[in-house]
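Reader: I would be grateful for a close look at a single part of this protein, namely how its nonpolar interior is put together. Please set that part beside whatever adjoins it in your account.

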Amino acid sequence: MNDQLRLYSYWRSSAAYRVRIGLNLKGLPYETVPVHLVRDGGQQHTAQFRQANPQGLVPVLQHGNRMMRQSVAILEYLDETWPTPPLLPVLGRDRQRVRTLSQLLACDIHPLNNLRVLQHFEHTWNVPQPERDEWVRHWIVEGFGAFEAMVAGHPSTGEYCEGNTPTQADCCLVPQVYNARRFGVAVEDFPTIARIDRACLALPAFDRARPERQPDCPTPQ
């Protein structure tokens, strides 16, 4: 296997955003292959892309000839293949905490505000935009309430979610905060989340991964 990395991504996909952060934290160069999730009915539905991922979802990380799918699994693959700097702590109890925080975001909050869910509401049930937006805000606020309770004042919380080094949990948190702000959630109501987000975005690896810095981000009119 050669070391060429190619990331199939969409600029505003929070799952792809997680992987961009992880790649940047590892200092790994990669090629971005844009997959527009809205244009032409969604390029993720094409037969060509379905060969890369039968689920029709981004991200997909191509490493040589191997296709890697599912953002959190990709982050763990990066950690196992390029261990330094680590995205998971050394101690098992700390790794479990990071995985818990990551899954709260990636498995419990994100799927409920995913594009395909909102499109199903719109196209199948004709749910109006205000109701769809309220659905998103409800589940983000509920999830953030739990997340805030798990990090605020916890002895393992440092500058970041776990200690003073960014981990997989921070890779998952920052994209979800981006989504929260996009849908009008008052992130400052969750002060520990807001503080960690600011600390992360001050780092070049997180800053370079921002949606507005991606090659497929639309040019402002």
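**The nonpolar interior and its setting**

Author: In this predicted model, strand β1, helix α1 (residues 14-26) and strand β2 make a right-handed β-α-β unit. Strands β1 (residues 5-9) and β2 (residues 31-34) run parallel and are joined by 4 bridges. Within this pairing, Arg6 of the model stands opposite Glu31 in β2.

As for the interior, the largest nonpolar core holds 53 residues, and among these Phe144 and Phe147 touch the most other members. Helix α7, which spans residues 168-182, supplies the largest share of this core, with 7 residues. A second core, separate from the largest one, has 10 residues, including Tyr10, Val33, Val35 and Val58. In soluble globular proteins, nonpolar side chains tend to be buried together.

Phe144 merits a closer description. Leaving aside residues up to four places away in sequence, Phe144 touches Leu105, Ile109, Gln176, Val177, Ala180, Phe190 and Ile193.

The cysteines complete the account. The structure holds 0 disulfides. Cys161 is accordingly in no disulfide, and the nearest cysteine sulfur, which belongs to Cys200, is 6.5 Å away. A disulfide is counted where two cysteine sulfur atoms are within 2.5 Å, so the 6.5 Å between the sulfurs of Cys161 and Cys200 does not qualify. Cys161 counts as buried because its relative accessibility is 0%, and the limit for that term is under 20%.

How values were computed: Residues numbered from 1 in each chain as written. Predicted model: local features only at pLDDT ≥ 70, side-chain atom pairs only at ≥ 80, totals over all residues. Heavy atoms only, no water. Core = buried A, V, L, I, M, F, W, Y, C linked by side-chain atoms within 4.5 Å. Buried < 20%, exposed > 50% of the residue type's maximum accessible area, 1.4 Å probe, protein only. Helix = DSSP H or I, 4+ residues; strand = E, 2+ residues; numbered from the N terminus. Contact = heavy atoms within 4.5 Å. Pairing = 2+ DSSP bridges. Right-handed = clockwise from strand over helix to strand, strands pointing away.
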